[in-house]
Amino acid sequence: APGDQVQFDFKDVVARIAGVEVELHMYVARLSYSTAFFARCYFSEDRPALSDGLVSSCVRFGGVPREGLFDNASTAVKRILRGRDRTMNDDFAAVCGGLALHMQFAAPAKGNEKGGVEGLHGFIEDRFFRPVPEFKSLADLNRGLEAFAESYLDKRVFGESVRDRFERELRALRPLPAVLPATCIRDTVRINKFFEVTYKTNRYSVPSKFAHRDATIEIFHDRIRVVVDGVLVAEPERVFGKHEAILDPLHFIDLLTFKHRAVVRAEVFRHRRFHHSLQSLLNGYVENDPASAGKRFMRVVALLEHHPMQDLVNAIVAASQHGTDDPAAIALLLRQETRPYQAAEPLRMTSGTRGGIRPV
């Protein structure tokens, strides 16, 4: 019946992102009555991705079905009991509880019990991922999937369009909760002496003044939030490789401004993610005058406190075209060509009524 059930599952797919072929994990949710669907790709098939997919699909559908059907993946199920009984892990149980979604799980090795979404996987793979599509970013790919799902509504099933059936089902869906459940998992970590937190071998910097402090990290499918004593101190993008690092130059200004000799060898300025124009500027300073290189370079980096990276890069290029790399000249060009902005202050957070964290 309309609004009775949503089936969802992941499917491994391949796409070319920014010229690189990438293995992705496609979450698909399918309404069993209308067959309307939602699809989104993630870099990892983990609990944050599952939570985001489930909540985002309900938002996209405009309501919550009465029942969800999923398999026995460890992202959702902690223990398989007798018959259809399952013990869900706390994170997935919290999301389902926040949506008031009753869950059912397929029997082990019985994928046919959610054959609707299994068949839809093949349909999407054949018509969207073959040949291998190319997009500038994962966000662009997901916008393409959204448009593909919209075009599917014109398909005819059971003698009528999916759109007509979906409009009928929409009226039967239960309303979304006033406050959507959080789609992150949380953990407690210690910020090390290098003012970094580590999650799954990957390192993320925080402002240097928070070194040696305890922190709560909130892991979303695309980012990580670091909270210290109720204050949001960093929100870097999430990386999915092994032993990678996301280092924000702003986090190192306070320390390296007084340790000029350490600037030349600082990892943050030699990291492959650090803009090559600034790396070239530092190399030039070192070649011309190693003794003053660190001090001059930190004067340039300090401009990031009030100007975006791209504006600073443009000023460095403009200064080079005028035959100078002087920090004062770069600052002058930056003031002439842009309007400075005030770097965002850390958000002070407080415990919400649902056990989470919310901004004041």
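Me: What makes strand 2 and strand 3 a pair, and in which sense do they run?

Reply: In this predicted model, strand 2 (residues 20-31) and strand 3 are joined in the antiparallel sense over 6 bridges, and because two strands count as paired once at least two bridges are found between them, the 6 bridges here satisfy the criterion. One of the bridges sets H25 opposite Y42 in strand 3. The two strands form a hairpin with 5 residues between them, and T35 in that turn has a positive phi of about 70°.

Me: Why is strand 3 called mostly covered?

Reply: A residue is buried when its relative accessible area is under 20%, and 5 of the 6 residues of strand 3 (residues 37-42) are buried. For the chain, buried residues make up 47% of the 360 residues.

Me: How do you know that strand 5 and strand 6 are paired?

Reply: Strand 5 (residues 77-80) and strand 6 (residues 86-88) share 3 bridges in the antiparallel sense, which can be set against the required minimum of at least two bridges, so the two strands count as a pair. I80 stands opposite R86 in strand 6, and the hairpin that the two strands form has 5 residues between them, with G83 in the turn showing a positive phi of about 65°.

Me: Why are helix 1 and helix 2 called roughly parallel?

Reply: The axes of helix 1 (residues 47-61) and helix 2 (residues 90-99) come within 10 Å and cross at roughly 10°. Since angles under 35 degrees count as roughly parallel, helix 1 and helix 2 are therefore roughly parallel to each other. At their contact, R47, L50, S51, L54, V55 and C58 in helix 1 meet D91, F92, V95, C96 and L99 in helix 2, and these residues divide into 8 nonpolar, 1 polar and 2 charged.

Me: What leaves one side of strand 12 and of strand 17 without a neighbour in the sheet?

Reply: The open sheet of 3 strands has the order 12-13-17, with mixed pairing. Strand 12 (196-199) and strand 17 (245-246) stand at the edges with a single partner strand each, so one side of each is left without a neighbour in the sheet.

Me: How do you know that strand 13 and strand 17 are paired?

Reply: Strand 13 (residues 202-205) and strand 17 are linked in the parallel sense over 2 bridges, and because at least two bridges are required, this number meets the cut-off. Y204 stands opposite I246 in strand 17.

Me: What makes F123 and Y152 an aromatic pair, and why is the pair called edge-to-face?

Reply: A search of the whole structure finds 19 aromatic pairs, and one of them joins F123 and Y152, with 5.6 Å centre to centre and 70° between the planes. Because ring centres must lie within 6.5 Å and planes over 60 degrees apart count as edge-to-face, the values of 5.6 Å and 70° support both parts of the description. The pair links distant parts of the chain, with F123 in helix 3 (residues 115-128) and Y152 in helix 4 (residues 138-152), 29 residues apart. Both F123 and Y152 are buried.

Me: Which residues do ring pairs link into a cluster?

Reply: The cluster consists of F8, F10, Y27, F38, Y42, F70 and F92, linked by ring pairs. Among them, Y42 is also the bridge partner of H25, and F92 also takes part in the contact of helix 2 with helix 1.

Methods:
Residues numbered from 1 in each chain as written. Predicted model: local features only at pLDDT ≥ 70, side-chain atom pairs only at ≥ 80, totals over all residues. Heavy atoms only, no water. Helix = DSSP H or I, 4+ residues; strand = E, 2+ residues; numbered from the N terminus. Buried < 20%, exposed > 50% of the residue type's maximum accessible area, 1.4 Å probe, protein only. Axes fitted to C-alpha atoms, helices over the stretch in contact; angles between N-to-C directions. Parallel < 35°, antiparallel > 145°, perpendicular 65-115°, else oblique. Contact = heavy atoms within 4.5 Å. Nonpolar A, V, L, I, M, F, W, Y, C, P; charged D, E, K, R; others polar. Phe/Tyr/Trp six-rings, centres within 6.5 Å; stacked < 30°, edge-to-face > 60°.
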